[in-house]
Amino acid sequence: MKLLLTHGYFLKEDTKEQEIMRPYPPLGLLYVSAYLEKHGIEHTLYDTTFSTSEAFESNLLKMKPTVVAFYTNLMTKLTVLKWIHFIQNHPELKHARIVLGGPDITYNVDAYLQNGADFLVIGEGEETMLELTTALQTDNTNYKTIAGIAFKDKNGDTCTNPSRIRIKDINELPFPNRAKINLHDYLSTWKKFHGQSALSISTQRGCPYTCRWCSTAV
């Protein structure tokens, strides 16, 4: 199985961020990557932030992944839907299974499944992605036993499995897999535009705020 993790955010396509130039690594995706690596799941992580659509397309065609997992949020959802359409309609990629996770998934389950996603990871993604990728790797099709996912069954009906119990001890989680991306791109961009380098860290799980414009109060 060739597993590709990515997120579909392109700095060069974001005119607002080009004015600010304060990019941050995709921490959620890096946490999932670290957890999969800890449990021996081989995968590739393609950080699109400093890439281009053309380069990403070329990488997809070169790798020909069997599973493509996108971290999806309010800002990237339209781009992710575009890439789902591309993958499903390309003769060399159309057999890939598409997995979506991230904060925009929870209250848009039917919409994402109707637009081509094979599986949705709802809530915390580390344990769920490990169980789902293990099932896909071993051709275990009993997806109804995997907590925290949604998918369409053979009849085309939406199945939303029970929520996964949240990880109680966050010390069980490895640190984000920053080795999978080019940190220098982030550090040098901050240094160039703001005089000093900066990186983000996560001090808790989820978000404590209830912004009405956000995809969900996590």
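In what order do the seven strands of the open sheet stand? They run β2-β1-β3-β4-β5-β6-β7, with mixed pairing; strands here are DSSP E runs of at least two residues, helices are H or I runs of at least four, both numbered from the N terminus, and two strands count as paired if DSSP finds at least two bridges between them. Keep in mind that this is a predicted model, where local features need pLDDT of at least 70, side-chain atom pairs count only at pLDDT 80 or more, and totals for chains, interfaces and linings use all residues. Residues are numbered from 1 along each chain as its sequence is written, and side-chain values use heavy atoms, leaving out hydrogens and water.

Now look at the edges. β2 (44-46) and β7 (158-160) each have a single partner strand, so one side of each is left without a neighbour in the sheet. On the β7 side, three bridges tie that strand to β6 (residues 149-152), and the two run antiparallel. Here K152 sits opposite T158 in β7.

Helix α3 (residues 53-63) packs on the sheet and touches β1 (3-6), β2 and β3 (67-71), contact being heavy atoms within 4.5 Å. Its direction makes about 165° with that of β1 (axes are lines fitted to C-alpha atoms, for helices over the stretch in contact, with angles from 0 to 180 degrees between N-to-C directions).

On to the inside. The largest nonpolar core has 28 residues, and L5, L36, V99, F119, M129, L132 and Y143 touch the most other members. Such a core is a set of buried Ala, Val, Leu, Ile, Met, Phe, Trp, Tyr and Cys residues joined through side-chain atoms within 4.5 Å, buried being under 20% relative accessible area with a 1.4 Å probe, protein chains only.

Notes. Buried means under 20% relative accessible area, exposed over 50%, partly exposed in between (1.4 Å probe, protein chains only).
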